Structures are given as C-alpha cells and as structure tokens.
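Please look over the model below. Some questions on its helices and backbone angles come after it.

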Amino acid sequence: MFEALKTKNMTATAKPVPDPDRPGAFLPNGAAAKSGLNRSILDKGWHRIEVATRSKARYTGSCVVTVNPAYTSQTCNVCKVVDWTSRESQAVFRCTSCGHAEHADVNAAKNILTAGRAEHAQARPAVRAGARKPRSRVGRKANRQAAVA
Ligand SMILES: [Zn+2]
C-alpha cells in the first residue's frame, strides 16, 4: 500500500519569513531542518521504491494499492476518531478519545492498510457463489468455429 504523497510539495523549500521587529531580518523558519527532511525523503527515492514494488508485484501476483494519505497520521486506528492533537510528537500517537497509544508511524501504517484493503475490496468485488466463469473471446470464437466445422 502506498500513500499518494505529493513528494514535490513535501520537498519544497521553506519560504523566508520577514521579522516584523527587525526590517531586513528573517525569523527562523526551520529551513535547515526542512532541508534535512528533504534530503531524507529524496534519498529514499519513494518513487523508485514504488516502481520497483509494482514491477515485482506483476511477477508475484500481488496487488499494489495507492491510498489517499489524508488524516492517516491523525486518525486513531482503534476508535477511528480523527484529532490532530492525538499526534503528540513526530513519534508518539496518543488518542485523545480512547487513550490508545502507539508509535505514530505504526498507527498511520495500520490506517493506510485499512484504507488500502477497503479500496481493494471495492475495486475487485468478490465473485458471486455459483457465478459462471466468464469465457474469453478466444474461447467463444473457437467454439463458433467448432460449431461451423
Ligand atoms: Zn482512539
């Protein structure tokens, strides 16, 4: 499962914020921290990881699902309550509703998995019991020719 992250937006450089008290000066805007984050996102090469995974999946019969990332890091995987204050820090998720506590990445990953499974189930509805196996075009043509002959 992949989050459809907009890596381009995430890696945009932080804009300088002018300091209202000191003309010509700029407030600290976390640009240094942001550029460190940029490097780690780009180093991992998410796009290349996704391409490689999709390629592998074709051989193993696995399914790669892309998931809308909205609120996956703010939603409690246990009670499903969405509250951005549940995200205590980069690492800690503690649900303000039910108290469920977990590493923030693990909680988000479970939400992505849940969303991906739901999407997958919708995209490929289960075959009805007793439904006839669809015949291929080639099969039908072969049948017709067999009847003519
Ligand atoms: Zn909860």
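The questions and answers below deal with two helices and two loop residues.

Reader: What kind of model is this, and how are residues numbered?
Author: This is a predicted model, where local features need pLDDT of at least 70, side-chain atom pairs count only at pLDDT 80 or more, and totals for chains, interfaces and linings use all residues. Residues are numbered along each chain as its sequence is written, from 1.

Reader: How many residues of H4 are there, and which of them are buried?
Author: Helices here are DSSP runs of H or I with at least four residues, and strands are E runs of at least two, numbered from the N terminus. H4 (residues 104–123) has 20 residues. A residue is buried with 20 or more other C-beta atoms within 10 Å of its own, exposed with 12 or fewer, and partly exposed in between, C-beta atoms being placed from the backbone. In H4 the buried ones are Asn107, Ala108, Asn111, Ile112 and Ala115.

Reader: Which exposed residues does the face of H4 turned away from its buried side carry?
Author: That face of H4 lies away from the buried side. Its exposed residues are Asp105, Val106 and Ala121.

Reader: What is the count of buried residues in H3?
Author: Helix H3 covers residues 46–60. H3 is hardly covered, and among its 15 residues the buried count is zero.

Reader: Where is tyrosine 71, and what is its phi?
Author: Most residues other than glycine have a negative phi. Tyrosine 71 sits in the loop between strand S4 (66–67) and strand S5 (92–94). Its phi is positive, near 70 degrees.

Reader: Is lysine 80 buried or exposed?
Author: Lysine 80 lies in the loop between S4 and S5. Because lysine 80 has 12 C-beta neighbours inside 10 Å, it counts as exposed.

Definitions and conventions:
The expected span of a helix is 1.5 Å times one less than its number of residues.
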